[in-house]
Amino acid sequence: MTRRVWTILTDDQLLAQCQVDTYRASGPGGQKRNKTSSAVRLRHLPSGLIVIAEESRSQHENRAKALRRMRQALFLKVRDDLPSEELTVERLEKLEDYHKARGGDGRLRMSRKDPRFWPAIGIVLDVLHALDGRVADAAAALGVSTGNLISFLETDPKVWGEVNILRTRFGQKPLHT
């Protein structure tokens with residue numbers, strides 16, 4: 001299975017692929033928090049990714065947060081291979097997750113709270129990976145300016161960090177904010 005398959009699963013289907021651990025979280029919260037196993041750790045068995053949620057005193061709320069974080073982690077950490085013939089504006093524009101993410105002016109401009117953000121990040125990181133971390137080449141393939149791509153990647157610190165990990169892996173210098 002690939003990220004594209006995992007990220008379209010329902011919550012129940014994705015949860016079925018995970019080992020779920022509940023435990024008592026430490027920290028503030030008083031007597032109830034200390035007596036309740038409300039923290040949730042999800043381990044996605046196929047990918048090996050692990051996420052936790054322990055902010056709430058409700059196990060139900062923490063499970064929902066952990067699932068949301070797992071989807072984000074899949075987009076952030078799991079790369080789908082893009083063959084070189086797919087790395088054109090015309091082909092990438094046909095990918096629904098990328099097409100939806102571009103505004104009327106063709107730019108990538110959205111906050112990380114936008115439901116289109118994480119799927120678009122997954123595709124952008126796939127393109128960057130396929131092009132050995134070269135931002136200018138990725139921007140050209142995506143049909144956006146280098147400045148627009150960098151601004152989009154800076155939207156979230158985790159994304160920015162992942163871009164720099166990817167660039168370092170290919171012998172590129174890290175980008176600076």
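Before I place any residue, one definition: when I speak of a strand, I mean a DSSP run of type E that is at least two residues in length, and the strands, like the helices, are numbered from the N terminus. With that in hand, please keep in mind throughout that what we are looking at is a predicted model.

Let me start with the chain as a whole, for those of you who have not seen it before. There are ten helices and three strands in the chain, and if you follow the elements from the N terminus on, their order is α-α-β-α-β-β-α-α-α-α-α-α-α. Taken along the principal axes, the box that the C-alpha atoms fill is roughly 55 × 35 × 35 Å. The chain has 177 residues, of which 43% are buried. If we take the contacts with a separation of 6 or more, then 53% of them are between residues 24 or more positions apart.

Now to the strand that I had in mind with that opening definition, which is S1, residues 18-23, where we find Val-20. Is Val-20 buried or partly exposed? Its relative accessibility is 32%, and because buried means under 20% and exposed means over 50%, Val-20 counts as partly exposed. Leaving aside neighbours within four places in sequence, the residues in contact with Val-20 are Leu-15, Val-40, Arg-41, Leu-42 and Arg-63. One of these deserves a second look, since Leu-42 is 22 residues from Val-20 along the chain, while the C-alpha atoms of the two are separated by 4.9 Å.

I would like to turn next to Asp-80, which has its place in the loop between helix H4, residues 59-77, and helix H5, residues 89-93. With a relative accessible area of 6%, Asp-80 is buried. What does the side chain of Asp-80 reach? The partner is the backbone nitrogen of Arg-3, at 3.2 Å. Apart from neighbours within four places in sequence, Asp-80 is in contact with Thr-2, Arg-3 and Arg-4, and also with Asp-126.

As a contrast in burial, consider Pro-115, which sits in the loop between helix H6, residues 96-101, and helix H7. Pro-115 counts as exposed, at 72% relative accessibility. Pro-115 and Arg-57 are 58 residues apart in sequence, and from C-alpha to C-alpha they are 26 Å apart in space.

That brings us to the helices that follow, and to how they pack. Two packed helices are described by the angle between their axes and by the distance between those axes. For helix H7, residues 117-130, and helix H8, residues 135-142, the axes come within 9 Å and cross at roughly 125°. That angle makes H7 oblique to H8, and the crossing in which H7 passes H8 is right-handed. On the H7 side the residues that meet H8 are Val-124, Val-127 and Leu-128, and on the H8 side they are Val-135, Ala-138, Ala-141 and Leu-142. Sorted by class, this contact of H7 with H8 has seven nonpolar residues, no polar ones and no charged ones.

In the loop between H7 and H8 we find Asp-132. Phi of Asp-132 is near 55°, which is a positive value in a residue other than glycine. Asp-132 is partly exposed, with a relative accessible area of 32%.

How do H8 and the next helix, H9, lie with respect to each other? The axes of H8 and H9, the latter being residues 146-153, come within 8 Å and cross at roughly 100°, and the two helices are therefore roughly perpendicular to each other. From H8, the contact is made by Val-135, Ala-136, Ala-138, Ala-139 and Leu-142, and from H9 by Thr-146, Leu-149 and Ile-150. By class, this contact of H8 with H9 has seven nonpolar residues, one polar residue and no charged residues.

My last stop is helix H10, residues 157-169, in which Asn-164 lies. Asn-164 counts as buried, at 13% relative accessibility. A polar atom of the side chain of Asn-164 lies 2.5 Å from the backbone nitrogen of Leu-175. If we again leave aside neighbours within four places in sequence, Asn-164 is in contact with Pro-174 and Leu-175.

Note on methods. Residues are numbered from 1 along each chain as its sequence is written. This is a predicted model: local features need pLDDT of at least 70, side-chain atom pairs count only at pLDDT 80 or more; totals for chains, interfaces and linings use all residues. Side-chain values use heavy atoms; hydrogens and water are left out. Axes are lines fitted to C-alpha atoms, for helices over the stretch in contact, and angles run from 0 to 180 degrees between N-to-C directions. Helices (H or I, at least four residues) and strands (E, at least two) are DSSP runs, numbered from the N terminus. Angles under 35 degrees count as roughly parallel, over 145 as roughly antiparallel, 65 to 115 as roughly perpendicular and the rest as oblique. A crossing is left-handed if the near helix is turned anticlockwise from the far one by less than a right angle, and right-handed if clockwise. Contact means heavy atoms within 4.5 Å. Ala, Val, Leu, Ile, Met, Phe, Trp, Tyr, Cys and Pro count as nonpolar, Asp, Glu, Lys and Arg as charged, and the others, Gly among them, as polar. Buried means under 20% relative accessible area, exposed over 50%, partly exposed in between (1.4 Å probe, protein chains only). A polar contact is a pair of N or O atoms within 3.5 Å; within protein, one must be able to donate a hydrogen and the other to accept it, and residues adjacent in sequence count only if both atoms are side-chain atoms.
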